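Thanks for making the time; could everyone please bring up the model on their own screen, so that we can walk through it together.

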Amino acid sequence: MTFEALREIITSTVPASAGKVEPDAMLVPDVCADSLDTVELSMALEDRTGVPVPDDLMATFRTVADLHQYMNEHGA
């Protein structure tokens, strides 16, 4: 998965501007406002890529780069 593809999924799911979605941005609070946003994002990622991102695992990702790495490691 390219970073641009991940950015597009993020910005179409949560109210983050594309300018804030950078590899070193913190998932919470920079990209996702709260845990509800992270749940919505994990569901959108699974819907769009077929890669499951369990909510408890999603909570362990600190940065967008962490999430990007996971997605790439799992075939997105």
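Just after α3, glycine 50 takes a positive phi of about 80°, where helices, like strands, are DSSP runs numbered from the N terminus (H or I and at least four residues for a helix, E and at least two for a strand). Before I go on, please keep in mind that this is a predicted model, in which local features need pLDDT of at least 70 and side-chain atom pairs count only at pLDDT 80 or more, while totals for chains, interfaces and linings use all residues. Residues are numbered from 1 along each chain as its sequence is written, and side-chain values use heavy atoms, with hydrogens and water left out.

Staying with α3, this helix has 15 residues and reaches 21 Å from its first C-alpha to its last, close to the 21 Å expected at 1.5 Å a residue, the expected span being 1.5 Å times one less than the number of residues. At its start, a side-chain oxygen of aspartate 34 comes to within 3.1 Å of the backbone nitrogen of leucine 36.

Which residues of α3 are buried? They are Asp37, Thr38, Leu41, Ser42, Ala44 and Leu45, with buried meaning under 20% relative accessible area, exposed over 50% and partly exposed in between, for a 1.4 Å probe and protein chains only. Seen down the axis of α3, these buried residues fall within an arc of 165°, so they line one face of the helix; the arc is taken over the directions from the helix axis to the C-beta atoms. They pack against α1, α2, α4 (55-58) and α5, whereas the face turned away from them carries the exposed residues Ser35, Leu36 and Asp47.

Turning to the interior, the largest nonpolar core (buried Ala, Val, Leu, Ile, Met, Phe, Trp, Tyr and Cys residues joined through side-chain atoms within 4.5 Å) has 22 residues, and Ile10, Val31, Leu41, Leu45, Val64 and Leu67 have the most contacts inside it. At least two residues of this core come from each of α1 (3-13), α2 (27-31), α3 (35-49) and α5 (64-73). Leaving aside neighbours within four places in sequence, isoleucine 10 is in contact (heavy atoms within 4.5 Å) with Val21, Val31, Leu41 and Val64.

One backbone detail belongs to α2, where proline 29 has its place: the peptide bond from valine 28 to proline 29 is cis, with omega near 15°.

Finally, phenylalanine 61 is buried at a relative accessible area of 13%, and tyrosine 70 likewise counts as buried, at 11%.

Terms used. A polar contact is a pair of N or O atoms within 3.5 Å; within protein, one must be able to donate a hydrogen and the other to accept it, and residues adjacent in sequence count only if both atoms are side-chain atoms.
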